[in-house]
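These are my notebook entries on a structure that I am reading from the beginning. I set down what I looked up, topic by topic.

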Amino acid sequence: SASRGRLEGGATAQQYEKMAALSSEFGDLVQIKKQLISVISLCKERGLVHSVKWASELAFALKPLPMSELPPPAPLTEEDVEDLDALGLAKSYFDLKEYDRAAYFLRGCRSKKAYFLYMYSRYLSGEKKKDDETVDSLGPLEKGQVRNEALRELRVELSKKHRTGELDGFTLYLYGVVLRKLDLLKEAVDVFVEATHALPLHWGAWLELCNLITNIEMLKSLSLPDCWIRDFFLAHMYTELQMIKEALQKYQSLIEAGFSKSTYIISQIAVAYHNIRDIDQALSLFNELREQDPYRIENMDTFSNLLYVRSMKPELSYLAHNLVEIDKYRVETCCVIGNYYSLRSQHEKAALYFQRALKLNPRCLGAWTLMGHEYMEMKNTSAAIQAYRHAIEVNKRDYRAWYGLGQTYEILKMHFYCLYYYRRAHQLRPNDSRMLVALGECYEKLSQLSEAKKCYWRAYSVGDVERMALLKLAKLHEQLNESDEAAHCYIIYIQDIFSCGELLEHVEVSTALRYLGQYYFKNKRYDEASLCAQRCCDYNDAREEGKALLRQISQVRDQGEASSADVSLPCVFGSLSNNNTPVRRVSPLDLSSVTP
């Protein structure tokens, strides 16, 4: 193919492949720096500003090269020289976003660089017209039928050149983008993989591929080039697929390989910690990022989500004001302001700013999801459903949108619907206890109690962030008159609550103590029953019952009845329920050292 012949700017494919064929061990950072400088120049000539920024940030994190080591500019071909003036003129129009004008002056140019800019200008012209029409004619929640009219023509032209092998790495990337926009996703994946082989250092192609991979099996099935940039791609992909442990390991190895100063990697690690709700670690990294790059706007919407979760109103207010000073017409700025108003319970204003973000970028995933949350707060369920559906259209891997849809249908008491959406959220986040608890509640409402039990126990096993799973499981056993299992769950629940030093709602702890007091009394274990009854007296809502139980115990003891000698009660401390769910063995409840 032509991509195996002479590449952009005249460097031969063999030379380029030799440059890119470094092992994943990052043995030669000088060579990597040279490659980055070369690809920055190639992308800059073609107006691929996001790839330029990514490569520049990475190059900045590496040591500067001495003058003798700087890579020479790529030699020009005869075609490049012929097109030099037209390309210079067109590029100046392109930079001013006059795409039709740029394309007009590039007609008939023969060099690969000019051909890419010609096709890219036509593509961006169509996108700009589509966006303008969308903003003019539609509200942010109306599903627009506006399309980029240039896509079909571009596909026909590019597919002809693709069949004859005339596309280089950059035009393959553009062909993939056109296919993706036309929803020809399978063909798009193949073309993006081809683009990464033809030009491994173009980050844009890897990123587009990222958006099309739906699961780990699909990722493993792809034949990717053996180049150091693949490690960055895999780390990004693991984060997207919620494989956070693997992502963090990858990023740690990249830091150790010499990229410790990269703000891109710091931001990605912060996002990974945000995804597993390690809020302290994520906040610390975002603060470090703000110190290193105080005018950075990317990922600041994620930072604002963390500040929102922690209810850090002054910090969120400061961040919002700061971003407005830098650039108030950026998507991330609008999302941060939206979060600020949401934290102040001004939900209409918050929704307004998320709508503004979507006018700036209709494919902004976070804004669709957050807008769904705001409509939920305003009890506008139909608008919330539309917003969440838009989020899923943008990215089917967004568990928050699936979970939001589940919550919305739960409010509408459509439990079969919400079961479907909670299941999808759970598939994306198998170890998130919130999804499991929501699934359990849904099964309970549908009277599928054995499934509900499994969900609650699994939620406890993976680390119940809201500490509700055991309580719900205990109440379910109580409802089914499975007193031994209910007592067992209440015991673990109380031990967990007091061992971590948290004081949850008193009503929940007192419910558990009240039940255990009665349970021990029925089993003639009066010492434990007495302890539970005394603890009940510490809570207003259980005080009278605690006193009544103490009187009953006192009466029984006065009649001379002894406590049961069976202290092990294997049915309580053995298996949890009939469904063979494994349970760790626990000692009898000791409340003497506990202070609520």
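**The second largest pocket**

I began with the lining of the second largest pocket and sorted it by class: nine residues are nonpolar, seven are polar and six are charged. I record here that the model is a predicted one. For the volume of the second largest pocket I noted about 750 Å³. Its lining counts 22 residues, and those closest to the centre of the pocket are Arg277, Tyr308, Val309, His373 and Arg434.

I then asked which helix gives the most to this lining. Helix 21 does, with five residues. I list the elements that each supply at least two residues of the lining: helix 15 (263-275), helix 17 (300-309), helix 19 (331-343), helix 21 (365-377) and helix 23 (399-411).

**The cavity**

Next I looked for enclosed space. How many cavities of 30 Å³ or more does the structure hold? I found one. The volume of the largest cavity is about 30 Å³. Its lining is made up of Arg514, Gln518, Cys536, Glu545, Gly546 and Leu549. Helix 29 (506-522) and helix 31 (543-558) are the elements that give two or more residues to this lining. Helix 31 has the largest share, with three residues. By class, I entered two nonpolar, two polar and two charged residues for the lining of the largest cavity.

**Salt bridges**

I searched the whole structure for salt bridges and entered a total of 30. I looked up several of them one by one.

My first entry is the salt bridge between Glu69 and Lys34, whose closest N and O atoms are 3.1 Å apart. This pair joins distant parts of the chain, 35 residues apart: Glu69 lies in the loop between helix 3 (49-60) and helix 4 (78-82), while Lys34 belongs to helix 2 (residues 29-45). I checked whether each partner is buried or exposed. Glu69 is partly exposed, because its relative accessible area is 31%. Lys34, at 21% relative accessibility, also counts as partly exposed, since the class of buried residues ends under 20%.

My next entry is Lys129 with Asp100, whose side chains meet in a salt bridge at 3.1 Å from N to O. Here too the pair links distant parts of the chain: Lys129 is in helix 7 (residues 112-137) and Asp100 in helix 6 (residues 99-106), 29 residues apart. With 48% relative accessibility, Lys129 is partly exposed. Asp100 is partly exposed, with a relative accessible area of 42%.

I also entered the salt bridge between the side chains of Lys161 and Glu166, at 3.6 Å from N to O. Lys161 has a relative accessible area of 26% and is therefore partly exposed. Glu166 counts as partly exposed at 38% relative accessibility.

To end this topic, I noted a network of salt bridges that links Glu45, Arg46 and Lys113.

**A surface patch**

Last, I turned to the surface. Which residues form a nonpolar patch there? I wrote down Leu412, Met414, Phe416 and Tyr417, which together have about 400 Å² of accessible area. I followed Tyr417 further and placed it in helix 24 (residues 415-428). Tyr417 has 44% relative accessibility and so counts as partly exposed. That value also lies over the 30% relative accessible area that a residue needs to join a patch.

Key. Residues numbered from 1 in each chain as written. Predicted model: local features only at pLDDT ≥ 70, side-chain atom pairs only at ≥ 80, totals over all residues. Heavy atoms only, no water. Patch = residues over 30% accessible without salt bridge, like charges linked within 9 Å, V, L, I, M, F, W, Y side chains within 5 Å. Areas by Shrake-Rupley, 256 points an atom, 1.4 Å probe, with all protein chains shown as cover. Salt bridge = Lys/Arg side-chain N within 4 Å of Asp/Glu carboxyl O. Helix = DSSP H or I, 4+ residues; strand = E, 2+ residues; numbered from the N terminus. Buried < 20%, exposed > 50% of the residue type's maximum accessible area, 1.4 Å probe, protein only. 1 Å grid on protein atoms, 1.4 Å probe; cavity = no way out; pocket = protein on both sides within 12 Å on 5 of 7 lines; lining within 4 Å. Points joined across faces, edges and corners; volume = space filled by probe spheres on them. Nonpolar A, V, L, I, M, F, W, Y, C, P; charged D, E, K, R; others polar.
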